[in-house]
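Open the model in your viewer and keep the sequence panel beside it. The tour below goes from one selection to the next and says what is found at each stop.

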Amino acid sequence: MTATLQTSEQRYCTEEQYLALEETAEYKSEYLDGEIIPMTGGSTNHNQIAGNLYIALSLALKKRNYRIFIGDVRLWVPKVRLYTYPDVMVILGEPEYHNNRTDMITNPQVIVEVLSKSTKNYDRSDKFAFYKTLSTFREYILIDQTQIKVEQYSKTENKRWLYREYDEEDTALVFNSFQVEVPLSDVYEQVNFEQVEQEDSQKEE
């Protein structure tokens, strides 16, 4: 999820306490090895991009043995004790649930994050390293919401990842995990880049 991490509000608690808090919390939080990191809501561009990709993958993978989840489904990464909410996840076959809870899964094949200015470095570095500890994880897609730019990491063999960048609207994002192509024009449909510039100028005033 590309919401803003508010590190000044970090709190520490057990997994059970965190999950109990999430049940009634107004806003989602990430949990990392005892640390709760509150997250603010995403922008309309963020929501539009995640929704666009979810729809495109749902249509492309219809009647195939894949499941696609967006936003509210929590991911558990056991080796680093991380609970987080990726923007889009694709699972091959049936979901594997953590503690038999149907709102927490452990076996994504593809993870998609829509980047924000506050979390893009975290998504590219530490969070990617955390995701790599999942045995099922094969493909990582990072989508910029301020310009046409998509970054793709595809696992080719043990600990080796192939990097590809897309930055032209007339090209298509090619998923290696299931040979699906999604035009960048579909990914960015109805995304307003001028809105981002207006928001940035307002913050500077």
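Two strands pair if DSSP finds at least two bridges between them. Keep that cut-off in mind for the first stop, and note that the model is a predicted one.

**Stop 1: strand β10**

Select residues 110-115, which form strand β10. Six of the six residues are buried, so the strand is largely enclosed by the rest of the structure. Turn the view until the side chains separate into two sets. Val110, Val112 and Val114 point one way, while Ile111, Glu113 and Leu115 point the other way. All of these are buried, Glu113 included.

Now add strand β7, residues 88-92. β7 and β10 run antiparallel and are joined by three bridges, so by the cut-off of at least two bridges they pair. Methionine 89 has isoleucine 111 of β10 as its bridge partner.

Next, add strand β11, residues 139-144. Its pairing with β10 is parallel and extends over six bridges. Look for glutamate 113, which has leucine 142 of β11 opposite.

**Stop 2: arginine 74**

Select arginine 74 in strand β5, which covers residues 74-77. Is arginine 74 buried or exposed? Its relative accessibility is 5%, so it counts as buried. Show the surrounding residues: leaving aside those up to four places away in sequence, arginine 74 touches a list that includes Tyr18, Glu22, Tyr85, Arg101 and Asp103. Then draw a C-alpha to C-alpha distance from arginine 74 to threonine 102: the two are 9.2 Å apart in space and 28 residues apart in sequence.

**Stop 3: aromatic rings**

Colour the aromatic side chains. How many aromatic pairs does a search of the whole structure find? The search gives 16. One of them joins tyrosine 18 and tyrosine 31, whose ring centres are 5.0 Å apart with planes at 35°, so the pair is tilted. Tyrosine 18 belongs to helix α1 (residues 15-24) and tyrosine 31 to strand β2 (residues 29-32), so the pair ties together parts 13 residues apart in sequence. Both rings belong to buried residues: the relative accessible area is 1% for tyrosine 18 and 0% for tyrosine 31.

Move on to tyrosine 66 and phenylalanine 178. Their ring centres lie 5.1 Å apart and their planes are at 75°, so this pair is edge-to-face. Tyrosine 66 is in strand β4 (residues 66-70), and phenylalanine 178 is in the loop between β14 (172-175) and β15 (180-183), so the pair ties together parts 112 residues apart in sequence. Tyrosine 66 counts as buried at 17% relative accessibility, and phenylalanine 178 is buried at 3%.

For a cluster, select Phe128, Tyr131, Phe137, Tyr140, Tyr153, Trp161 and Tyr163, which are linked by ring pairs.

**Stop 4: charges over rings**

Add lysine 132, which lies over the face of phenylalanine 128 at 4.3 Å from the ring centre. Then go to lysine 28: its charged end sits over the ring of tyrosine 85, 5.5 Å from the centre.

**Stop 5: confidence**

Finally, colour by pLDDT. The chain averages 89, and 89% of the residues score at least 70. Over residues 2-8 pLDDT stays under 50, and the model has 28 contacts beyond four places in sequence for them. Residues 200-205 also stay under 50, with one such contact. Where pLDDT is low, the predicted coordinates should not be read in detail.

Notes. Residues numbered from 1 in each chain as written. Predicted model: local features only at pLDDT ≥ 70, side-chain atom pairs only at ≥ 80, totals over all residues. Heavy atoms only, no water. Buried < 20%, exposed > 50% of the residue type's maximum accessible area, 1.4 Å probe, protein only. Helix = DSSP H or I, 4+ residues; strand = E, 2+ residues; numbered from the N terminus. Contact = heavy atoms within 4.5 Å. pLDDT = per-residue confidence, 0-100. Phe/Tyr/Trp six-rings, centres within 6.5 Å; stacked < 30°, edge-to-face > 60°. Lys NZ or Arg CZ within 6 Å of the ring centre and 35° of its normal.
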